[in-house]
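Reader: I am new to this structure and should be grateful for a close look at one part of it, namely the surroundings of the bound molecules. Please connect that part to the rest of the fold where you can.

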Amino acid sequence: MMRAAVIFCFSGTGNTRWVSERLREHLTTEDYRVNLLDIEDVITQDENAIMEAIRTADHVGIAFPVHAFNAPRIVFDFIDIMPDSSPEPKYVFLYRTSGDPFINGGSTRFVRDRLREKGYIVRLERLFIMPSNIIVPFPAPLIKQLYRIAEGQCRDFASQVLGEDDSIHHDPEHIALFSRIFSKLETWGAKVAGGHFRATESCTYCGICSDGCPTSNITDDGGVLVFHDRCILCMRCIYQCPSGSLVNPYLKFFALKEGYDNDPILSDASIPGEYLTSATRGYYKRYARFLGLIR
Ligand SMILES: Cc1cc2nc3c(=O)[nH]c(=O)nc-3n(C[C@H](O)[C@H](O)[C@H](O)COP(=O)(O)O)c2cc1C
Ligand code: SF4
Ligand code: SF4
């Protein structure tokens, strides 16, 4: 019998989208199809389209990057417009990508709570560690290795979805409190910072930043870029600007100076794909432990 999943995905700079595409590949068979939708697109559509996508699916997935130990605001805005679950709740799975294994469980607590209010019980979740898109650039071999490990995890996660496994991360109260505080600060900071972008003289008014912003925080007012207070700090505009023209005094230490584009690293055969080992010490030891390389 044919079964189907709909996955609602938000991705600021591509990591979560990449994982979602790999997951879709591993799930899709003659008997199973996957409808992968971008939250930023469906949120602007008719609510009936979302209802139909959910109604025709056996499994509902939600995917997002971790922002300050929680989901970005756009994910909650999306859940708010999801239809109430049918009397027979769907099998719901969550996954998120983060740049650090720190506070694994907390980052889904509030998404699960909000979904429960809508009648959706999350049964399965997973954290994929991917390269961080903020503050400190990861070494190129580590970036390659994280993508490779994530590929294997997608295969495993796909079989868990198909088997309708139950696995929810532990999230003690103090972790939830920590997530709540940092996330509130980040949401407020994003709104404030969103209005302080500026395009330098090198800007060619190509429109890439305004067209690509998931929250319409950047608009083009007759050849002048206007910045509003709807930013969710996804970082897309800064990294996608072809001339590096977007500056923001609030994001000086937050944005990676070298930009964020992993494609050249992934396609460069001369870069080794091995960085973390059982002998890894120092900052990345936690990563090696989380990924099961240190027992
Ligand atoms: C505003 C912001 C906040 C972040 N907060 C965290 C965090 O709390 N913990 C973490 O491990 N990574 C954090 N990150 C890193 C991202 O979660 C990580 O790089 C993710 O894979 C990016 O996914 P994307 O490319 O789909 O947007 C943050 C990134 C941004 C832009
Ligand atoms: S992407 Fe860069 S160059 Fe293009 S309009 Fe935006 S700031 Fe200007
Ligand atoms: S202004 Fe830039 S960082 Fe903020 S939401 Fe839009 S694309 Fe993302």
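Author: A residue is taken to be near a molecule if its C-beta atom, placed from the backbone, lies within 6 Å of it. The model discussed here is a predicted one.

On that basis, ligand 1 is surrounded by 24 residues, and the closest are G12, N15, T16, P65 and D100. Two elements, α1 and β4, each give two or more residues to this shell. By class, the shell around ligand 1 consists of 10 nonpolar, 12 polar and 2 charged residues. Both domain 1 (3–173) and domain 2 (195–263) contribute at least three residues to the surroundings of ligand 1.

The other two ligands may be described in the same way. Around ligand 2 lie A199, C203, T204, Y205, C206, G207, I208, C209, C241, S243, S245 and L246. This shell contains 8 nonpolar and 4 polar residues, and no charged ones. Ligand 3 has 13 residues around it, of which C213, N217, C231, C234 and C237 come nearest. The shell around ligand 3 divides into 9 nonpolar, 3 polar and 1 charged residues.

From the ligands we may turn to the nonpolar core. The largest nonpolar core has 67 residues, and V19, I39, V75 and F78 are those that touch the most other members. Helix α6 supplies the largest share of this core, 8 residues. The core, too, draws at least three residues from each of domain 1 (3–173) and domain 2 (195–263). Apart from its neighbours within four places in sequence, V19 is in contact with A63, Y95, T97, F128, A150 and C154.

Helix α6 deserves a description of its own. Its 23 residues (residues 140–162) should span 33 Å at 1.5 Å a residue, and the C-alpha atoms at its ends are 33 Å apart, so the two values agree. The buried residues of α6 are I143, K144, Q145, L146, Y147, A150, Q153, C154, F157, A158 and V161. These buried residues pack against β1 (3–9), α1 (15–27), β3 (59–65), β4 (91–98), β5 (122–129) and α10 (263–266). Two of the partners, α1 and β4, have already been named in connection with the shell around ligand 1. After α6 comes E164, which has a positive phi near 50 degrees.

Positive phi values also occur in two loop residues. I135 is found in the loop between β5 and α6, and its phi is near 65 degrees, a positive value in a residue other than glycine. I135 has 10 other C-beta atoms within 10 Å and is therefore exposed. A68 belongs to the loop between β3 and α4 (73–81), and its phi, near 50 degrees, is likewise positive in a residue other than glycine. A68 counts as partly exposed because it has 19 C-beta neighbours inside 10 Å, where 20 or more would make a residue buried.

A final loop residue is L233, placed between β8 (225–227) and α9 (236–240). L233 is buried, because 25 other C-beta atoms lie within 10 Å. When neighbours within four places in sequence are left aside, L233 is in contact with H67, E186, A190 and A193. L233 and H67 are 166 residues apart in sequence, yet their C-alpha atoms are 8.5 Å apart in space.

Definitions and conventions:
Residues are numbered from 1 along each chain as its sequence is written. Chains are lettered from A and ligands numbered from 1 in the order in which they are written. This is a predicted model: local features need pLDDT of at least 70, side-chain atom pairs count only at pLDDT 80 or more; totals for chains, interfaces and linings use all residues. Ala, Val, Leu, Ile, Met, Phe, Trp, Tyr, Cys and Pro count as nonpolar, Asp, Glu, Lys and Arg as charged, and the others, Gly among them, as polar. Helices (H or I, at least four residues) and strands (E, at least two) are DSSP runs, numbered from the N terminus. The expected span of a helix is 1.5 Å times one less than its number of residues. A residue is buried if 20 or more other C-beta atoms lie within 10 Å of its own, exposed if 12 or fewer, and partly exposed in between; C-beta atoms are placed from the backbone. Two residues are in contact if their C-beta atoms, placed from the backbone, lie within 7 Å. A nonpolar core is a set of buried Ala, Val, Leu, Ile, Met, Phe, Trp, Tyr and Cys residues joined through C-beta atoms within 7 Å. Domain bounds come from an automatic or database domain assignment.
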